[in-house]
Amino acid sequence: MLLEIKSLKKKFANNTVLKGINLSIKAGEVVVIIGPSGSGKTTLLRNINFLEQADSGTMVFKDKQLNLANLSNEEILWVRRHTAMVFQNYNLFKNKTAIENISEGLIFGQNRSKKDALQLAKKALDSVGLLDKQDFYPAQLSGGQQQRIGIVRATVLNPDIVLFDEPTSALDPELVGTVLYDMKQLADQGQTMIVVTHQMSFARNVASRVVFFADGEIIETGTPSEVFDHPKNKRTKQFLSAIA
Ligand code: ADP
């Protein structure tokens, strides 16, 4: 196992959002989390890379045992260095060009020289056919291009896991496919990914495992065929028939 989460609990004031999550992921797996809005999917991702801090639970990541209720700053930085997140609203630096957005983490997070960082960023942009956009600012790019830059920015750091938080939900429908294509390429290259999405065809075609999440709990998990074609739980069935 690359990542093993046990009994993760999180509440905001008296709203219990995660009720004791157990989730494991092997290197190379693509886990796709589906489920109703407001059920805690984003919060779960944010608790995995410590953008939010859980109230209790444990996590083993790359063989390192972590007590989620009592993390040191070193542990937080270490986990953040080995994970990367792709956000719904891209979160690119608006006053930086595409290549600056990508090289920033290499320079400040990984202490690389500016020259090396720019070279790596260029190579990464080229690999997804966006090198011609290197000097564009986010406002000069489409939403789809911004998100594809967001994905390059995350993956150029060579993270063990990339967390995708509804990466296509802010996009115009005709741009969704371009981002999903890049995500599928990454999955095919063996990148370990946890993806929160409403794109059921992506879940069906790319997921190693689908997790149906509702009301702060994992209700059901299985292969895409198990979850989509033979859901066992009533709530999974209801959710799938509501979105069909
Ligand atoms: P989902 O991703 O499934 O749509 P979220 O994880 O975004 O769900 O939200 C789950 C619940 O947690 C919601 O009730 C939301 O209002 C609440 N929540 C999320 N973040 C915060 C926060 N920072 N402060 C207070 N409540 C929050």
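Q: Which order do the strands of the open four-stranded sheet take, and how are they paired?
A: Start by listing neighbours from one side of a sheet to the other. In this predicted model, the open sheet of four strands reads S2-S1-S4-S5, and its pairing is antiparallel.

Q: Which strands stand at the edges of that sheet?
A: Look for strands that have a single partner. Here they are S2, residues 15–25, and S5, residues 64–67, so each of them has one side without a neighbour in the sheet. From one strand to the next, the twist averages 15°.

Q: How many bridges join S1 to S4?
A: Bridges are what tie two strands together as a pair. Strand S1 (residues 3–12) and strand S4 (residues 56–61) run antiparallel and are joined by five bridges. To find one of these yourself, go to Lys9, whose bridge partner in S4 is Ser56.

Q: Where does helix H1 lie?
A: For a helix beside a sheet, ask which strands it crosses and at what angle. H1, made of residues 41–48, lies across S1 and S2. Its direction makes an angle of about 60° with S2.

Q: Which residues surround the ligand?
A: Read a ligand's surroundings as a shell of residues. This shell holds Phe12, Asn15, Val17, Ser37, Gly38, Ser39, Gly40, Lys41, Thr42 and Thr43. S2 and H1 are the elements that give two or more residues to it. The largest share is that of H1, with three residues.

Q: How many residues of that shell are nonpolar, polar or charged?
A: Sorting the shell by residue type is a good next step. Seven of its residues are polar, two are nonpolar and one is charged.

Q: What order do the strands of the six-stranded open sheet have?
A: Use the approach from the first sheet again. The order is S6-S7-S8-S3-S9-S10, and here the pairing is mixed. Strand S6 (83–86) and strand S10 (217–222) are at the edges with a single partner strand each, so one side of each has no neighbour in the sheet. On average, with direction ignored, neighbouring strands are turned by 20° against each other.

Q: Do S6 and S7 run parallel or antiparallel?
A: Compare the directions of the two strands. S6 and S7 (residues 161–165) run parallel, with four bridges between them. As an example to look up, Ala84 stands opposite Val162 in S7.

Q: Is Val195 buried or exposed?
A: Burial is judged by counting neighbours around a residue. Val195 has 26 other C-beta atoms within 10 Å, and 20 or more count as buried, so Val195 is buried. Val195 belongs to strand S8, residues 192–196.

Q: Which residues does Val195 touch, leaving out those up to four places away in sequence?
A: Contacts can bring together parts of a chain that are separated in sequence. Val195 touches Val30, Val32, Ile33 and Phe164. Take Ile33: Val195 is 162 residues from it in sequence, but their C-alpha atoms are 6.0 Å apart in space.

Q: How many helices and strands does the whole protein have?
A: Now step back to the overall picture. The protein has nine helices and ten strands. Its radius of gyration is 18 Å, close to the 18 Å given by the globule rule for 244 residues, so the protein is as compact as a globular protein of that length. The C-alpha trace spans about 50 × 45 × 35 Å along its principal axes.

Q: What percentage of the residues is buried?
A: This figure takes the burial idea to the whole chain. Of the 244 residues, 42% are buried. Among contacts with a separation of 6 or more, 64% come from residues 24 or more positions apart.

Methods
Residues numbered from 1 in each chain as written. Predicted model: local features only at pLDDT ≥ 70, side-chain atom pairs only at ≥ 80, totals over all residues. Pairing = 2+ DSSP bridges. Axes fitted to C-alpha atoms, helices over the stretch in contact; angles between N-to-C directions. Contact = placed C-beta atoms within 7 Å. Buried ≥ 20, exposed ≤ 12 C-beta atoms within 10 Å, placed from the backbone. Near = placed C-beta within 6 Å. Nonpolar A, V, L, I, M, F, W, Y, C, P; charged D, E, K, R; others polar. Rg over C-alpha atoms; globule rule 2.2 N^0.38 Å.
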